[in-house]
Amino acid sequence: GMGFEAFGRFLRSSPDHDVSTSSVAHILSRVYSGFVTVLSPGFDSAACDFVLRDWRERGALDGTPTKVAAQNVSASATYEHGYELMERARCRRTRGIRAAVEFRNGILLATAIALPQRARALSALELGRTISFIDKDNLHIRIPGRWIKQREGKKEKGAFDRVMKNPRLAAALAEYARDFRPIFDEGSLLFPSS
């Protein structure tokens with residue numbers, strides 16, 4: 001326990017580390033978990049448990065100093081930044097892989113913000129399969145439950161199936177499918193790796 005506490009204090013006060021109290025608690029928890037499950041299975045220490053609990057409580061009181069309001073970016077700013085990236089891709093002199101990556105990144109931001117939080121299974125998005133165009137204003141998005149972050153028991157029944165009216169995003173996705181997506185490969189996944 002004394003060594004554990006000393007390590008926590010070292011992390012918190014070392015000039016080479018800028019670690020918050022709550023981060024120290026998380027680090028100590030991971031170290032202890034690794035020790036009791038891998039290095040010494042079955043190890044149990046009331047002193048280490050006390051140190052962990054103490055750091056967690058201090059961390060809860062101190063809060064998270066790394067998350068200040070000035071660092072937060074609004075969803076609308078992120079959404080607009082996506083369209084800025086798409087516009088920069090359009091303005092490139094050549095439509096090569098760099099333009100395709102920039103447009104893809106813009107689509108990624110705009111789509112992630114436009115979808116409700118529970119449906120942000122971005123790796124499941126595929127043109128013609130999970131995203132289809134109804135008309136120039138509407139998209140049909142159907143994400144199987146197995147892709148959505150939810151309890152295992154709900155994955156079979158918990159699909160996301162919605163028609164989304166967003167003319168701006170629909171136009172951008174159509175342009176991406178037509179002009180930029182084929183630069184990556186012949187596939188239909190919305191977010192291929194370059």
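How many aromatic pairs does a search of the whole structure find? It turns up five. Keep in mind that this is a predicted model. The chain has six helices and three strands, and the rings discussed below sit partly in those helices and partly in a loop, with Y32 in helix α2 and F43 in the loop between α2 and α3.

**Overall layout**
- Reading from the N terminus, the elements go α-α-α-α-α-β-β-β-α.
- Of the 194 residues in the chain, 37% are buried.
- Take the contacts with a separation of 6 or more: 58% of them are between residues 24 or more positions apart.
- The chain's accessible surface is about 12200 Å², and carbon and sulfur atoms contribute 54% of that.

**The Y32–F43 pair**
- Y32 and F43 meet edge-to-face, with 6.4 Å centre to centre and 70° between the planes.
- Y32 belongs to helix α2 (residues 21–39), while F43 is in the loop that leads to α3 (46–62), so this pair ties together parts 11 residues apart in sequence.
- As for cover, Y32 is buried at 11% relative accessibility, whereas F43 is partly exposed at 32%.
- F4 joins in too: F4, Y32 and F43 make up one aromatic cluster.

**The Y79–Y83 pair**
- What kind of pair do Y79 and Y83 make? Their ring centres are 5.0 Å apart and their planes sit at 70°, so they count as edge-to-face.
- Both tyrosines are in helix α4 (residues 75–91), and because they are four residues apart, about one helical turn separates Y79 from Y83.
- Y79 and Y83 are both buried.

**Arginines over rings**
- Y83 has a second partner to look at: R168 lies over the face of the Y83 ring, 3.7 Å from the ring centre.
- Elsewhere, R58 lies over the face of W55, and here the distance to the ring centre is 3.9 Å.

**Cysteines**
- How many disulfides does the structure hold? The count is zero.
- Is C48 buried or exposed? With a relative accessible area of 9%, C48 falls under the 20% cut-off, so it is buried.
- C91 goes the other way: its relative accessibility is 55%, which is over the 50% cut-off, so C91 counts as exposed.

Note on methods:
Residues numbered from 1 in each chain as written. Predicted model: local features only at pLDDT ≥ 70, side-chain atom pairs only at ≥ 80, totals over all residues. Heavy atoms only, no water. Phe/Tyr/Trp six-rings, centres within 6.5 Å; stacked < 30°, edge-to-face > 60°. Helix = DSSP H or I, 4+ residues; strand = E, 2+ residues; numbered from the N terminus. Buried < 20%, exposed > 50% of the residue type's maximum accessible area, 1.4 Å probe, protein only. Lys NZ or Arg CZ within 6 Å of the ring centre and 35° of its normal. Disulfide = S-S within 2.5 Å. Contact = heavy atoms within 4.5 Å. Areas by Shrake-Rupley, 256 points an atom, 1.4 Å probe, with all protein chains shown as cover.
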